[in-house]
Amino acid sequence: MEKEKLFEIKDLRISANDDDGNEVKIVKGVSFDIHKGEVVALIGESGSGKTTISLATLAYTKPGLYFSGGECCLFGKDVLSMNPLGQRDLRGGNVAYLAQSAAATFNPAITINEQVTEAAVLHGRLTQEQANERATELYHALELPDADRIGYRYPHQVSGGQLQRLMAAMALCGKPDLMVLDEPTTALDVTTQIEVLKAFKKVIREQNSAAIYVTHDLAVVAQVADHIVVLYGGEIMEQGSADQIINRPTHAYTKRLMDAVRPKPTAGMGISSVGEEHHRDVDNLQVKDMTAGYGGIVNGEPKIPILKDINVSVKNGHVVGVIGESGCGKSTLARVMAGMLPPARGDIILDGKKLEGDLRDRKLEELQKVQFVFQMADTALNPKQLIGNIIGRPLEFYHGLTGKEKHAKVSEILQLVELPPEFANRYPMELSGGQKQRINMARSLAANPEVMLCDEVTSALDSIVGANVIKLLTSLRDKTGVSFVFISHDLSTVASFADEIVVLYAGRVVEQGPTDEVLEPPFHPYTRLLISSVPEMRIGWLEDTMQKREMAVGIARGVEITARGCPFYNRCPLAIEGTCDLKTAPVRELKDGHEIHCHRSIEELQETERETQMILHGYEKLGEDDPQVHVP
């Protein structure tokens with residue numbers, strides 16, 4: 001039986017005018033349908049028009065754009081021709097928008113619960129009491145920590161990944177007919193991403209609603225989409241069922257997108273290390289016995305502890321990947337390195353010399369050598385400054401460049417990050433999410449640093465542009481010897497780019513070492529959980545994994561920072577009661593500096609990995625000597 005048609009986009013055209021008043025076509029006659037209970041995914045590289053088209057369902061365009069033709073019909077009624085009051089009722093009522101940047105969505109001065117429930121109450125869908133209950137249910141469903149109380153916090157009091165999940169709760173709270181999901185899982189770690197995808201699928205199915213899913217992550221598309229629309233330059237290249245587009249694409253551009261999908265993280269994916277010409281006897285940056293947190297320092301301990309006894313080294317010209325779930329302390333580690341958060345204990349050492357913990361006490365050349373690339377470009381870039389001024393500021397501040405010399409350098413840096421020099425005369429709001437992130441990166445490059453602290457710098461980029469950015473960073477490393485601390489929840493990118501990996505959990509290092517060693521068994525149980533949670537570009541993977549992962553490695557609970565014992569105890573399938581919950585895990589040293597912090601022996605971890613792989617591959621009922629069993 002054919003599903004009821006919920007929304008139709010017919011020959012949609014969106015344009016802008018250039019400085020001479022000439023029409024510039026942005027969206028060029030796009031048409032597709034959305035049925036009840038269906039998810040339509042819009043895919044394509046940055047700038048292809050995905051977000052612009054999805055916003056049209058709310059009868060909205062970004063400033064400078066206008067509708068030049070076509071219709072957007074909700075239950076047969078064109079929303080573009082509605083009066084302003086009708087469009088107001090539509091937005092947040094019938095159609096809910098979940099934006100790409102959570103930081104730019106939330107008001108920092110209002111509690112989370114007020115914002116999550118606001119639209120549902122304002123549109124009369126729920127009373128305040130009903131909305132509060134609905135919000136708490138969603139907090140639990142989205143695996144948020146302290147779900148009964150998190151709504152009383154302010155946005156700055158939760159991590160970026162948690163804020164993204166709270167924004168999902170905001171979109172789901174009023175039970176809309178259509179949800180516009182604009183990159184809703186880009187800021188999420190792999191385990192949380194699974195929970196959010198499950199929640200979306202469950203809500204759409206139970207409410208018989210529908211969704212437009214804007215993303216560049218095709219592995220995620222394979223899990224949630226029923227219909228896929230492939231876009232390039234504001235035009236549809238190809239559209240069809242998820243099975244047809246993923247397994248039998250016909251257009252050359254679609255095939256190119258499929259070829260750019262990041263593979264599962266495995267050993268041997270990495271690129272060659274930096275040349276010997278950049279070798280130094282002293283590590284570029286070191287963190288020694290560092291403990292840090294928030295709320296001030298009381299008796300030598302942070303009031304709210306986040307990181308504990310951290311030891312990390314960054315060799316010159318090397319890439320250290322830092323992985324772990326939201327709330328594990330990845331961004332806090334980078335903030336301590338940059339001097340934005342002074343440690344309670346421990347040392348930060350740059351080129352063999354101890355740095356002051358507070359950036360305000362560091363010398364200008366020390367600030368210039370360690371640069372931070374922030375996760376959320378929307379909040380990192382001043383919306384009232386031209387791009388040229390944003391990039392030009394560090395050129396002037398650190399290197400004294402002015403006038404034509406500064407202008408020429410700005411153009412050179414824009415080309416380095418694969419953007420045209422004309423972008424110097426644009427404002428951040430005129431750029432796509434991926435373009436803004438490259439400007440964010442360009443500003444740090446302008447300082448000519450020795451160490452770049454990259455906090456989720458590719459999370460807002462499509463797979464093709466993301467791969468180009470990694471190539472760019474690799475080229476910069478080879479030319480200049482710059483080092484990177486690369487924080488990411490994208491394990492495949494880390495596997496292909498990093499020389500070493502540090503696995504953080506609840507503020508502690510649970511495993512670290514050379515990339516190929518960390519990605520080969522034996523794993524710390526938490527590292528195995530992360531790797532097994534990376535989506536595959538296969539329809540049905542999510543459902544299969546949820547059955548097998550529950551059995552093999554246990555479903556993820558919230559991250560809890562503990563004062564004693566192993567912090568992973570409450571989620572670990574190998575936990576030893578009376579030991580793991582009470583004693584700090586010993587360090588198991590393997591080869592080439594590979595360390596695993598675990599009470600289990602290396603032999604036990606290896607045997608557990610064998611059993612896990614048997615379960616994941618459906619061999620749990622076979623005998624150990626069965627010839628069919630081949631476990632890597």
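Buried area here is the accessible area, taken with a 1.4 Å probe, that two parts lose on being put together, summed over both. Keep that in mind for this tour of a predicted model.

Start by coloring the two domains: select 276-518 for domain 1, then 525-625 for domain 2. Now pull up the residues in contact between them: 24 come from domain 1 and 25 from domain 2.

How much area is buried between domain 1 and domain 2? About 2,000 Å², with carbon and sulfur atoms giving 57% of it. To see where domain 1 pays most of its part, show Y505, R508 and E517 as sticks: these three lose the most area to domain 2, and together they make up 32% of what the domain 1 side buries.

Next, go for the charged pairs. The count between the two domains is 2 salt bridges. Separately, pick E325 and R571 and zoom in: they form a salt bridge, and their closest N and O atoms sit 2.8 Å apart. If you widen the search to polar contacts, 8 residue pairs turn up across the interface, with both residues at pLDDT 80 or more.

Switch to cartoon for the domain 1 side. The elements giving two or more residues to the face that touches domain 2 are two helices, α18 (491-497) and α19 (515-518), plus the strands β12 (301-314), β19 (500-505) and β20 (508-514). Which element should you highlight for the largest share? That's β20, with 7 residues.

Last stop: color that domain 1 face by residue class. You'll get 13 nonpolar, 6 polar and 5 charged residues.

Note on methods
Residues are numbered from 1 along each chain as its sequence is written. This is a predicted model: local features need pLDDT of at least 70, side-chain atom pairs count only at pLDDT 80 or more; totals for chains, interfaces and linings use all residues. Side-chain values use heavy atoms; hydrogens and water are left out. Domain bounds come from an automatic or database domain assignment. Contact means heavy atoms within 4.5 Å. A salt bridge is a side-chain nitrogen of Lys or Arg within 4 Å of a carboxyl oxygen of Asp or Glu. A polar contact is a pair of N or O atoms within 3.5 Å; within protein, one must be able to donate a hydrogen and the other to accept it, and residues adjacent in sequence count only if both atoms are side-chain atoms. Helices (H or I, at least four residues) and strands (E, at least two) are DSSP runs, numbered from the N terminus. Ala, Val, Leu, Ile, Met, Phe, Trp, Tyr, Cys and Pro count as nonpolar, Asp, Glu, Lys and Arg as charged, and the others, Gly among them, as polar.
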